[in-house]
Amino acid sequence: MSTPPGTPGTPHTPNTPGAPSERVTIKDVAAAAGVSKGAVSLAFNHKSGVSEATRDRIFAAARRLGWAPNSSARSLSRQSVDTIGLAICRPARLLGLEPFYMEFISGIESVLAERNCSLLLRLVGSLEEEITLQERWWKERQIAGSVLVDFHRRDPRIAPLRELGLPAVAVGHPDLTGGFPSVWTDDAPAVAEAVRYLAALGHRRIARVGGPAGLGHSAIRAEAFERTLEELGLDGGRHVDTGFSGEEGARATRSLLLTPDRPTAIVYDNDIMAVAGLGVAAEMGVSVPDDLSLLAWDDSQLCRLTHPTLSAMSHDVHRFGAEVTEVLFDVIAGEEVRPRPVATPSLVPRRSTAPPRAQGVRP
């Protein structure tokens, strides 16, 4: 006959998640980790007084027992997924104006809503700050996994977050993401399509207003831009690196149009900068598209509201965000995930692109 729980002389064994017995307490966690109840409290309140090794041991014990001091207990037991994380290294003002991220986040939310889950979004000032944030989120069990965006060449986040064991999906080309499961758009052929289209219209001086030089996808686009010009026998196009804002897009456009051999076509890395470039052209008396053709990346409602309407490289950003989130849930569930490209952006010609005036009457 078994001895009833709690009988004097019977060793106390901490409860396990789902066992039909009394719930796990902080005392059980402390016993399992070999520390005091106070140490457990310090660890979960992220206070000093316990070493990092002790904190990790306490968190491991809590996860094993399915205990937490608040509603995150379910996440600790890994029996359900309540929250995923997304950190973006962009100024808050710019993020609020950028259609790409608004559409991308709406795609994420569409999947989370179906699963009754939440998004924990944070803006950070640097990749180092993001590393610290992701470590805190994961160690405190605030998230079940993260979406990682805006990868750099030799991205500093890869090694520490892989060592952490953070379930994550990388939004970026597999060459940039260090082995994290990745979902990405293949930008190189899209850039080639844009440049070949402008060259077919008769443009021989084509410039590019890009994003930050350190961003991996900016580098991929820049390389494809130069390579396509070379294949077409055109002189190397000018690049101007920016931070994606309208102000920087306007400044870059102005500097290009003030050169003696100014370009007859400009490709922009986002729609905000293309809209700003259109304004600069009007300010300087440069006719679009007679004297200057403009082509935006990340087609959005903005491109259809300008006069003239902006030609753009278009893709379904909402669906992109949804696919990234679906893959993240697969990663969290422990499924094997292979790199997954989504549809390549495609050209949508509108009224901002045409043969340059010197080529004669447009068809």
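Arg208 and Asp269 are both buried in this predicted model. The two residues form a salt bridge, and their closest N and O atoms are 3.0 Å apart. Arg208 belongs to strand E6 (residues 206-210), whereas Asp269 sits in the loop between E8 and helix H12 (271-283), so the pair ties together parts that are 61 residues apart in sequence. The bridge also has company: Asp187, Arg208, Arg221 and Asp269 are joined into one network by salt bridges that share partners.

A search of the whole structure finds 18 salt bridges, and two further examples are worth a look. One of them pairs Arg157 with Glu130, with 3.0 Å between the closest N and O atoms. This pair links distant parts of the chain, 27 residues apart, with Arg157 in the loop between strand E3 (146-148) and H8 and Glu130 in helix H7. Here, too, both Arg157 and Glu130 are buried. Another salt bridge is formed by Arg90 and Glu98, whose closest N and O atoms are 2.6 Å apart. Arg90 counts as buried because its relative accessibility is 8%, under the 20% cut-off. The relative accessible area of Glu98 is 4%, so Glu98 is buried as well.

Two members of the Arg208 network reappear when the pockets are examined. The largest pocket has a volume of about 480 Å³. Its lining comprises 30 residues, and those closest to the centre of the pocket are Val171, Thr185, Asp187, His217 and Arg221. Asp187 and Arg221 are thus found both in this central group and in the salt-bridge network with Arg208 and Asp269. Among the elements around the pocket, helix H6 (99-114), H9 and H10 each supply at least two residues of the lining. H10 provides the largest share, six residues. Sorted by class, the lining has 13 nonpolar, seven polar and 10 charged residues.

Attention now turns to the nonpolar interior. The largest nonpolar core holds 37 residues, of which Leu166, Phe180, Leu198, Ile206, Leu295 and Met313 touch the most other members. Two or more residues of this core come from each of helix H7 (127-139), helix H8 (158-164), strand E4 (168-171), helix H9 (187-200), helix H10 (216-231), strand E8 (265-268) and strand E9 (293-297). The largest share, eight residues, is given by H9. H9 and H10 therefore appear on both lists, as DSSP elements that give two or more residues to the core and that supply at least two residues of the pocket lining.

Met313 offers a helpful view of the surroundings of one core member. Leaving out residues up to four places away in sequence, Met313 touches Ala190, Glu193 and Ala194, together with Leu295, Ala296, Trp297, Asp298 and Asp299, and also Pro345, Ser346 and Leu347. Among these partners, Leu295 is itself one of the residues that touch the most other core members.

A last site of interest is Pro181, found in the loop between E4 and strand E5 (182-184). Pro181 counts as buried because its relative accessibility, 19%, falls under the 20% limit. Neighbours within four places in sequence aside, Pro181 is in contact with Ala168, Val169 and Ala170, as well as with Val331 and Val337. Pro181 and Arg338 are 157 residues apart in sequence, yet their C-alpha atoms are 6.3 Å apart in space.

Note on methods. Residues numbered from 1 in each chain as written. Predicted model: local features only at pLDDT ≥ 70, side-chain atom pairs only at ≥ 80, totals over all residues. Heavy atoms only, no water. Core = buried A, V, L, I, M, F, W, Y, C linked by side-chain atoms within 4.5 Å. Buried < 20%, exposed > 50% of the residue type's maximum accessible area, 1.4 Å probe, protein only. Helix = DSSP H or I, 4+ residues; strand = E, 2+ residues; numbered from the N terminus. Contact = heavy atoms within 4.5 Å. 1 Å grid on protein atoms, 1.4 Å probe; cavity = no way out; pocket = protein on both sides within 12 Å on 5 of 7 lines; lining within 4 Å. Points joined across faces, edges and corners; volume = space filled by probe spheres on them. Nonpolar A, V, L, I, M, F, W, Y, C, P; charged D, E, K, R; others polar. Salt bridge = Lys/Arg side-chain N within 4 Å of Asp/Glu carboxyl O.
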